Amino acid sequence: QAIVWDEYLTGPFGLIAQYSLLKVSAGRGRGGSQPCPLWGDAPAPAQEHEVEKMFTLKPGRLPPADVKNIIFFVRPKLELMDIITDNVLREDRGRSPQRDFHILFVPRRSLLCEQWLKEQGVLGSFIHREQYSLDLIPFDGDLLSMESESAFKECYLESDQTSLYHAAKGLMTLQALYGTIPQIFGKGDCARHVANMMIRMKREFPGSQNSIFPVFDTLLLLDRNVDLLTPLATQLTYEGLIDEIYGIQNTYVKLPPEKFAPKKQGEGGKDLPTEPKKLQLNSAEELYAEIRDKNFNAVGSVLSKKAKIISAAFEERHHAKTVGEIKQFVSQLPHMQAARSSLANHTSIAELIKDITTSEDFFDNLTVEQEFMSGIDTDKVNNYIEDCIAQKHPLIKILRLVCLQSVCNSGLKQKVLDHYKREILQTYGYEHILTLNNLEKAGLLKPQASGRNNYPTIRKTLRLWMDDVNEQNPNDISYVYSGYAPLSVRLAQLLARPGWRSIEEVLKMLPGPHFEERQQLPTGLQKKRQHGENRVTLVFFLGGVTYAEIAALRFLSQMEDGGTEYVIATTKLINGTTWIKSLMEKLEPAPF
Amino acid sequence: MSRARADEEEYWHSSKFRAFTFDDEDDELSQLKESKRAVNSLRDIVDDDDDDLERVSWSGEPVGSISWSIKETASGSTSSLEGRDSSLQKGSSSYAALPKQASSYSLSSLFKGEDHHIPYGQMALTDTGVKNYAPELRRPKAEYKDYSSDWSPRDTVRRMQRGKVCSLERFRSLQDKLVLLDEAVAGHDGNVITAVLIFLKRTLRREILFRELEVRQVALCHLIHFLRETGEQKLLLDLLRTDCFFTLSLQLSQYREHLNIQDVEKRREFLKGCIGLPFSAEDTSHVQDHYTLLERQIIIEANDRHLEMSGQSEIFRKYPRKASILNMPLVTTLFYSCFYHYTEAEGTFSSPTNLKKTFKIPDKQYVLTALAARAKLRAWNDVDALLTTKNWLGYTKKKAPIGFHRVVEMLQRNNAPVQVLQEYVRLVEDVETRLNLATKYKCHDVVIETYRDLKDRIQLTAYKCKVERGSAEEEKINSILNNMVRSAY
């Protein structure tokens, strides 16, 4: 049989079908001493299922392959259905043996798609139509994502809460495996919906009371629209910057190859690689685990320290005299070599990033962002933004800045908003009215209602802006944005201590309800906490989370007197660019 | 339920499958199987878990209908779990199936690649032929209760969420249909909401559907999304035209349609039609501008293509156009017009001043765009004129709404000669910036004069090594240094 892949899916599937990562996840669970059965065993390699060929989905005739079954792995998207239709219709009916078609929807079968296939007259060609329910995909030991790109857009622009339904289902699955979570907190409309659905699912299915000792003490559901600010700012952690600049997809990043040319004597510059260098980034790599969540300004010193340690270790060989010593040295060699190549990679990446962070434009952009976030000049037209429009910088960059200004001013003055809108439409094209309208609907770009700016109060109460930030040895989460403490994570932090009651006023200023629910546990399962034992909180970001926010939560987990460890789940890993992009109207008609 | 039951009865008797009754399940089963086999004789794989009953739809509707296609084969896990605790699962309530369901969705089972999840296991067997499957185990009677069809709307929605067969046809009264819709919306599962909407769309009169959706905004959004996705533009527009939907910002949905129109004339006509839609005041003016711009572009394009082809115009011969101006943004159009039509009188559509006036382009934007265009053509006189203002006394003054440092950068990018460049570098107000720019672009005179004005001997002396030996600049430095010494004494 052969599998035809929707290319988008190969990423997430790569994650679950890959043995090494799964192993790591199981070993690195942060849930304390409990084993981590969530990921189970890795699936057997494809060959064992007699998969002979893999293709990517594209229009035209399917490539020849001597197989009986063709299985399409696709997302339920209409444009993909069109390609499949094309594939099926062009199939040579005369060939023998005839090939059978099957379709596998990920994460869910869609009536719409089947209806579509039917209208095209090909539905009957599929012998199996199945779904592969993929609710939460493990990305790291403490990170789960649904990789549902359009969740935010669907919830806030289209009032389509299907992704919330899947989130609730995912949480039920998680509870089936990890025990009922006794406390649920939430903030925002979507959070409320998900909590309601969970309660309802539980009620409708009384058998769900399982006898598993709960791993999580608390579930915190957070709407992305409670904190629209954070994703708009440029992330300044190492991992965050890699994502901002190169885009991390399903833990992989593609980098320009120049810096990764093999440095061997004699063949310097002979044949530079032209393919982008693809690297996997996760906590399995010791060095990466150490630096991923650091502020970028603190990465250089770690790298140079590591370099010294490694060269010292290699120097050891001169001191090895006895056979025993030599043997011990040799036994360490593989580990040392892995460490060395890891160090080389990250030094190269850090160099690439440094080229950008030291550029004038990056600095100017960051300065404006930081001014907005600390509340300076948010109520008038910003010169830098105007200049960027005049020079036709990428539209997404402009939109990020304008939205940031709007959010930091609880909406822009009508005059300012109109000015920006006109400039954007005149420079980038009137059709972008659609995008601007979407941003307005999502609350990212709006006129100031009632002329009142709540942001300063929120900023002060939640201490969102810290002037004395320590990037090298941080003592507060604000290090992840070099001054700005992500609002979402602040909410999580304050929930753990001293509790949300202390910030009632601010919570009321943020959109959506805040609430608390309790799920009764049988007495036998109630936790008797040992002294000094950490609580475990699952934070679910509905609508996406950034790497910087994850870094901030990990920082809180590691604080000595923190008392709370965090596991993170989300609908999608995002950054400002991918997020805004998901809200933009697709202006070009689909290529097929 | 009694009402539903009555409906059911009536339904069965009117249905062409009235021969089947529920009295004797076994008997009926075999009948169904036979009939199913007949219907599906073309299918070569008898999927053991695609329940045999499905093709002969219980509602009596033809195979392939909507309610038929709603059925999702989530029951794929039945066979493997049957032996374990099927009676318990199927017996109690229709929800008792959930534990099984939940586990089949679990991550761990996903990763194990259990057979019942993907048809992998079955597929692997295809060489030997799926037909060779062991005879199907007889299923517990209780299971077939799943196919009785007197569920409440609520149960129906619940079942559909879990991917079970459900006939919607039995919901006949408007009341029932609306309860069904509300239940679906309350379940938040878009797939089910859409399924119900498709059913309603087919079975309700349009006016009634629209009227009911008016008070059901979530469902309305799903329907709009569905219509947009499937390209049912006509119904969508009908929906938009209904008075009651003007409160929603759906006019933009219609405006969006212009993107799908390739032919410019048609696109222009379409945009013209959009102007009348009740947008916000702000948006109306943008849509109006969009239309006007495209109208202009069509005229300009026609003229210029002709000019270019005829080869009579020098500018087009020297700088052939790279692309058509159609559908370009306003600022790009302005640039184009400053490039090709700079000297035209205000009366013509293609002149920059006309564009500026029509679209109320701000000065800053205009100067910047014009500068870029003229600098590209190396028309330094035009550049100069753009930056020169005359006051009412007739004095002239250099002014740059965008700041002279930006002017310098732009000219430099277009390889302006040093003589041109230094004139503007000199005008940069901030001394620091001026020195930086002057040094960077080798405007020696400006550097020297600035240091002279600052009376900075040390820097001036140091700068001597940057200029050529024996050049006029070196002489200038020397003479200034001498003068400074003298004046110091």
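A residue is called buried when its relative accessible area is under 20%. Keep that cut-off in mind as we walk through this structure, which is a predicted model.

Let's put the definition to use on helix α19 of chain B, which covers residues 330-340. How many of its 11 residues are buried? The count is 9, so this helix is mostly covered by the cut-off we began with. The buried residues of α19(B) are L330(B), V331(B), T333(B), L334(B), Y336(B), S337(B), C338(B), F339(B) and Y340(B). One of them, C338(B), has a relative accessible area of 0%. What covers these residues? The cover includes α17 (281-310), α18 (314-318), α20 (352-358) and α21 (363-376) of chain B. It also includes a helix from the other chain, α16 (414-428) of chain A.

While we are in chain B, look at how it is divided: domain 1 runs over 153-241, domain 2 over 363-440 and domain 3 over 443-488. Taken over C-alpha atoms, the centres of domain 1 and domain 2 of chain B are 63 Å apart.

Now turn to chain A as a whole. Its secondary structure comes to 22 helices and 15 strands. Of its 592 residues, 58% are buried. The surface that chain A exposes is about 25,000 Å², and carbon and sulfur atoms supply 52% of that area. Take the contacts in chain A between residues at least 6 apart in sequence: 78% of them join residues at least 24 apart.

For a closer look, find S163(A) in helix α6, residues 162-178 of chain A. Is S163(A) buried or exposed? Its relative accessible area is 5%, so S163(A) is buried. Setting aside neighbours within four places in sequence, S163(A) is in contact with M146(A), S148(A), A151(A), E154(A) and C155(A). By way of comparison, V4(A) lies 159 residues from S163(A) along the chain, and their C-alpha atoms are separated by 25 Å.

Next, the cysteines. How many disulfides does a search of the whole structure find? Over all chains, the search finds 0. C408(A) is an example of a cysteine in no disulfide: the nearest cysteine sulfur belongs to C403(A) and is 11 Å away. A disulfide needs two cysteine sulfur atoms within 2.5 Å, so that pair does not qualify. C408(A) itself counts as buried, with 1% relative accessibility.

Finally, visit some backbone details in the loops of chain A. Most residues other than glycine have a negative phi, and most peptide bonds are trans. With that in mind, look at K392(A), whose phi is positive, near 55 degrees. K392(A) sits in the loop between α14 (383-390) and α15 (395-407), and at 43% relative accessibility it is partly exposed. R463(A) also has a positive phi, near 50 degrees. You will find R463(A) in the loop between α18 (455-461) and α19 of chain A; its relative accessible area is 40%, so R463(A) is partly exposed.

Which two residues are joined by a cis peptide bond? They are R497(A) and P498(A), with an omega of about 5 degrees. P498(A) lies in the loop of chain A between α19 (487-496) and α20 (504-509).

Methods:
Residues are numbered from 1 along each chain as its sequence is written. Chains are lettered from A and ligands numbered from 1 in the order in which they are written. This is a predicted model: local features need pLDDT of at least 70, side-chain atom pairs count only at pLDDT 80 or more; totals for chains, interfaces and linings use all residues. Side-chain values use heavy atoms; hydrogens and water are left out. Helices (H or I, at least four residues) and strands (E, at least two) are DSSP runs, numbered from the N terminus. Buried means under 20% relative accessible area, exposed over 50%, partly exposed in between (1.4 Å probe, protein chains only). Contact means heavy atoms within 4.5 Å. Accessible areas come from the Shrake-Rupley method with a 1.4 Å probe; for residues, only the protein chains shown count as cover. Domain bounds come from an automatic or database domain assignment.
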